[in-house]
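Biologist: Please put the model up, and I will ask how each label was earned.

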Amino acid sequence: MRHLLSTKDLTRDEAVRILDIAEDMADVSTREVKKLPALRGKTVVNLFFEDSTRTRISFEAAAKRLSADVINFSAKGSSVSKGESLKDTAQTLAAMGADGVVIRHHASGAPQVLAQSGWIDAAIVNAGDGTHEHPTQALLDAFTMRRRLFPGESRGRGLDGVSVVIVGDILHSRVARSNLWLLRTLGATVTFVAPATLVPLGADTWPADISFDLDATLALTQPDVVMMLRIQSERMNAAYFPTAREYARQWGLDDERLGRLRPDSIVMHPGPMNRGLEISAGAADSAQSTVLEQVANGVSIRMAVLYLLLSGEREALA
Amino acid sequence: MARTVLQQADIARALTRISHEILESNRGANDLVILGIPTRGVVLAERIGGIIAGIEPGVDPAAMVGSLDITMYRDDLAKHPTRTPSPTQVPRQGIDGKTVVLVDDVLYSGRTVRAALDALNDLGRPRVVRLAALVDRGHRDLPIRADFVGKNLPTSRDERINVRLAEIDGTEEVSIEGSSIEGSGTDA
């Protein structure tokens with residue numbers, strides 16, 4: 001693995017390897033000295049063209065726990081706001097000796113451009129690009145499912161036969177896309193539930209069932225996992241549904257729907273949550289909710305990814 | 001090419017002797033933690049733990065034996081393709097104030113042991129750290145020496161020592177392989 005751009009590129013073996021290494025990294029996070037020397041002397045740049053506090057600090061914590069040096073570069077107040085191109089930014093980072101670049105960009109495909117451009121010879125990690133992919137989020141979601149559903153015996157296995165229902169804004173969600181590819185690779189089945197206005201064109205070609213009715217889907221599939229997506233108000237410049245209250249009533253996970261889930265089903269949310277909109281406070285704080293575990297597991301997964309990309313001998317440019 | 005130097009019975013005898021030596025130097029099994037270095041060191045540590053439990057009554061090997069992965073502490077990480085780490089499992093009692101015996105199959109350059117000492121340092125502060133190796137083949141790069149040795153095997157640098165254990169390899173033997181000049185294997 002040279003870069004991590006998309007979960008579509010991952011084979012099952014590669015994905016399971018990342019999850020297994022993350023188990024070791026999670027063990028480190030429980031120790032008193034939460035630090036490993038594996039990436040001593042390496043420099044990781046967090047290149048964030050889009051606001052994101054939790055993903056950035058998660059990557060920052062992961063890199064620091066592996067003893068790498070971290071440089072945070074956010075587009076606001078930087079040369080980018082003065083009109084610098086991605087190419088010039090990348091070449092500047094290359095000149096500073098970056099070994100890994102974690103990039104979040106509002107344009108789908110920006111990490112791919114950076115990886116293939118030859119502007120910079122560093123490992124590129126996609127931390128969310130437009131409405132395309134967010135691979136480390138999908139990996140940490142899969143890791144969380146594996147740990148919750150197979151406690152104590154999660155190592156080495158996929159998610160065969162696990163049924164996952166993903167509810168919300170599929171149209172804009174890179175989390176949904178990355179999860180779909182990864183969950184299919186690991187053997188799980190995926191159902192998307194959304195208002196028809198928030199299902200992208202071409203979704204019928206995806207290896208997932210698509211439903212517009214949350215109650216019917218929950219009753220029919222009795223899922224192991226319900227993942228609620230955030231309603232991204234910053235992307236809601238068109239009217240996708242009449243009102244927030246109507247959305248919450250039809251597609252939100254409220255206390256009543258939570259009560260109808262199997263007691264061993266888990267409830268996931270990538271955060272930040274809109275309590276009362278896509279998820280009720282009762283569901284978010286219930287014992288079935290994995291929201292905080294997902295945050296902790298995010299650091300372990302990102303440690304595993306950075307370790308895999310940066311620790312070994314650099315593979316020759318393909 | 002491969003020449004067997006230790007057979008199953010030899011390995012068993014060596015481990016029994018090492019177990020007795022560990023007990024003797026520690027004056028019993030109190031505060032003893034035995035940590036194997038993956039992969040084969042873990043198997044050897046489990047066997048030593050089993051033998052000690054057979055000698056000393058009332059010893060629970062599961063509470064004494066663990067594994068210590070050193071992948072992240074290697075000094076040659078950047079010189080090889082990425083290595084997959086193994087789990088580190090420390091007995092519940094921890095290692096603070098304990099006598100820790102590190103177990104590896106072959107002691108060679110000493111760099112693995114150096115990495116293991118660094119890894120231990122991040123886990124706690126043992127009272128003493130000892131080193132047990134099934135085979136000591138010489139050629140140390142670092143000032144490290146084993147306290148308990150199954151067999152000293154003088155080798156040349158271009159020979160390979162293969163340790164095969166039933167749990168991992170299905171067979172049980174230690175062999176020397178591939179000296180460039182046949183019969184020159186005793187130059188150390």
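Modeller: Start with one pair: A:Val101 has A:Ile124 in S4(A) as its bridge partner. This is a predicted model.

Biologist: What makes S3(A) and S4(A), residues 123-129 of chain A, a pair of strands?

Modeller: Pairing needs at least two bridges between the strands. S3(A) and S4(A) are joined by five bridges and run parallel, so they pass that cut-off. From S3(A) the chain crosses through helix H4 (residues 110-117) of chain A to S4(A), in a right-handed β-α-β crossover.

Biologist: Which strand besides S4(A) pairs with S3(A), and in which sense?

Modeller: Strand S1 (residues 43-48) of chain A pairs with S3(A) in the parallel sense, over five bridges. There A:Val44 has A:Gly100 as its bridge partner.

Biologist: Why is strand S3 (residues 100-105) of chain A called mostly covered?

Modeller: Six of its six residues are buried. A:Gly100, A:Val102 and A:Arg104 point one way, A:Val101, A:Ile103 and A:His105 the other, and both sets are buried.

Biologist: How do you know which residues are annotated as "binding site"?

Modeller: The label comes from an unreviewed UniProt entry, where it covers A:Lys82, A:Arg174 and A:Arg230. They are spread over 149 residues of sequence, and in space by up to 31.4 Å between C-alpha atoms.

Biologist: Why is A:Lys82 called exposed?

Modeller: A residue is exposed if 12 or fewer other C-beta atoms lie within 10 Å of its own. A:Lys82 has 7, so it is exposed. A:Lys82 lies in the loop between strand S2 (69-74) and helix H3 (86-95) of chain A.

Biologist: And why is A:Arg174 called buried?

Modeller: The cut-off for buried is 20 or more. A:Arg174 has 21 other C-beta atoms within 10 Å, so it is buried. Leaving out residues up to four places away in sequence, A:Arg174 touches A:Gly128, A:Asp129, A:Thr131, A:His132, A:Glu133 and A:His134.

Biologist: Where in chain A does A:Arg174 lie?

Modeller: In helix H6, residues 174-185. With S5(A) and S6(A), H6(A) makes a right-handed β-α-β unit.

Biologist: What makes S5 (residues 163-167) and S6 (residues 189-193) of chain A a strand pair?

Modeller: Five bridges join them, and they run parallel; at least two are needed, so they count as paired. In one of these, A:Val165 is matched with A:Thr191. S6(A) also pairs with strand S7 (residues 209-211) of chain A, over three bridges in the parallel sense, with A:Phe192 opposite A:Ile210.

Key
Residues numbered from 1 in each chain as written. Chains lettered and ligands numbered in written order. Predicted model: local features only at pLDDT ≥ 70, side-chain atom pairs only at ≥ 80, totals over all residues. UniProt positions renumbered as here; feature names shortened; annotations may be inferred. Helix = DSSP H or I, 4+ residues; strand = E, 2+ residues; numbered from the N terminus. Contact = placed C-beta atoms within 7 Å. Right-handed = clockwise from strand over helix to strand, strands pointing away.
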